[in-house]
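Open the model in a viewer and colour it by secondary structure. The stops below say what to select and what is found there.

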Amino acid sequence: MTAYRTIVVGTDGSDSSYVAVEKAAALAADPAATLYVACAYYPTDDRDVAAAADVLKDEAYQVRGSAPTNEILRTARDRAVAAGASTVVERSVVGEPVESLLTLVKELDADLLVVGNRGLNTLTGRLLGSVPSDVARKSGTDVLIVHTVRK
């Protein structure tokens with residue numbers, strides 16, 4: 001039995017974010033727990049997505065978060081159920097990831113926020129901030145940063 005009843009996990013459709021989803025699902029295996037799988041996005045047109053992919057190169061997986069999130073959330077839900085979550089709710093949220101996740105946590109009065117560690121130890125993450133470090137610093141609830149990227 002877990003002390004966490006309302007768990008929010010963020011996903012952007014990357015393989016590493018799905019590792020965080022699976023870890024959150026294991027924590028939400030208790031029938032009394034609910035796992036909210038969240039994906040933040042900005043509405044864009046095809047030209048914006050193509051231009052961003054040209055610039056982002058290896059980080060282009062993030063562009064998928066700009067598209068409608070149905071496929072990302074469906075995959076995350078399937079992986080969460082396979083990992084043991086009893087109740088899974090999908091949530092698409094318009095906006096940038098950190099503020100969107102924190103707003104959702106507050107709205108749901110969640111007990112735990114789960115994110116992957118992607119970007120935490122990169123130069124960009126150190127200079128500009130990263131989702132895991134920013135949510136850990138700003139959250140008023142417990143945060144679990146799952147080691148999803150290994151060297």
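Of the 151 residues in the protein chain, 42% count as buried, where buried means under 20% relative accessible area, exposed over 50% and partly exposed in between, with a 1.4 Å probe and protein chains only. The model is predicted, so local features need pLDDT of at least 70 and side-chain atom pairs count only at pLDDT 80 or more, while totals for chains, interfaces and linings use all residues. Residues are numbered from 1 along each chain as its sequence is written, and side-chain values use heavy atoms, with hydrogens and water left out.

**Whole chain**

Show the cartoon first. The protein chain has six helices and five strands; helices (H or I, at least four residues) and strands (E, at least two) are DSSP runs, numbered from the N terminus. Starting at the N terminus, the order of elements is β-α-β-α-α-β-α-β-α-α-β. Among contacts in the protein chain with a separation of 6 or more, 75% come from residues 24 or more positions apart; contact means heavy atoms within 4.5 Å.

**The sheet**

Select the strands. An open sheet is formed by five strands in the order β3-β2-β1-β4-β5, with parallel pairing; two strands pair if DSSP finds at least two bridges between them. At the edges are β3 (87–94) and β5 (142–146), each of which pairs on one side only. From one strand to the next, the twist averages 25°. Strands of a sheet pair through backbone hydrogen bonds, either parallel or antiparallel.

**Strand β4 and its neighbours**

Now select residues 112–116, which are strand β4. How many of the five residues of β4 are buried? Five of the five are, so β4 is largely enclosed by the rest of the structure. Leu112, Val114 and Gly116 are buried on one side and Leu113 and Val115 on the other, so that both faces of β4 are covered.

Add β1 (residues 6–10), which runs parallel to β4 and is joined to β4 by three bridges. Ile7 has Leu112 of β4 as its bridge partner, and Val9 has Val114 of β4. Then add β5, which is parallel to β4 and linked to β4 by five bridges. Here the bridge partner of Val114 is Leu144.

**Helices on the sheet**

Select helix α1 (residues 15–27), which lies across β1, β2 (34–41), β4 and β5 and runs at about 170° to β1. Axes are lines fitted to C-alpha atoms, for helices over the stretch in contact, and angles run from 0 to 180 degrees between N-to-C directions. Helix α6 (residues 131–138) also packs on the sheet, where α6 touches β4 and β5 and makes about 160° with the direction of β4.

**Helix pairs**

Add helix α3 (residues 70–82) to α1: the two pack at an angle of about 40°, with axes 8 Å apart. That makes α1 oblique to α3, given that angles under 35 degrees count as roughly parallel, over 145 as roughly antiparallel, 65 to 115 as roughly perpendicular and the rest as oblique. Tyr18, Val21, Glu22 and Ala25 of α1 make the contact with Ile72, Thr75, Ala76, Arg79 and Ala80 of α3.

Next select α4 and α6, whose axes come within 9 Å and cross at roughly 40°. These two helices are therefore oblique to each other as well. On the α4 side the contact uses Pro97, Val98, Glu99, Leu101 and Leu102, and on the α6 side Val131, Asp134, Val135 and Lys138.

**Two loop residues**

Zoom in on Thr11, in the loop between β1 and α1. Is Thr11 buried or exposed? Thr11 counts as buried because its relative accessibility is 6%. The side chains of Thr11 and Ser17 are joined by a polar contact of 2.7 Å; a polar contact is a pair of N or O atoms within 3.5 Å, and within protein one must be able to donate a hydrogen and the other to accept it, with residues adjacent in sequence counting only if both atoms are side-chain atoms. The Thr11 side chain also reaches the backbone nitrogen of Gly13 at 3.3 Å. Leaving out residues up to four places away in sequence, Thr11 touches residues including Tyr18, Val37, Cys39 and Leu73.

Last, select Asp109, in the loop between α4 (97–108) and β4. Asp109 counts as exposed, because its relative accessibility is 62%. Its phi is near 55°, a positive value in a residue other than glycine.
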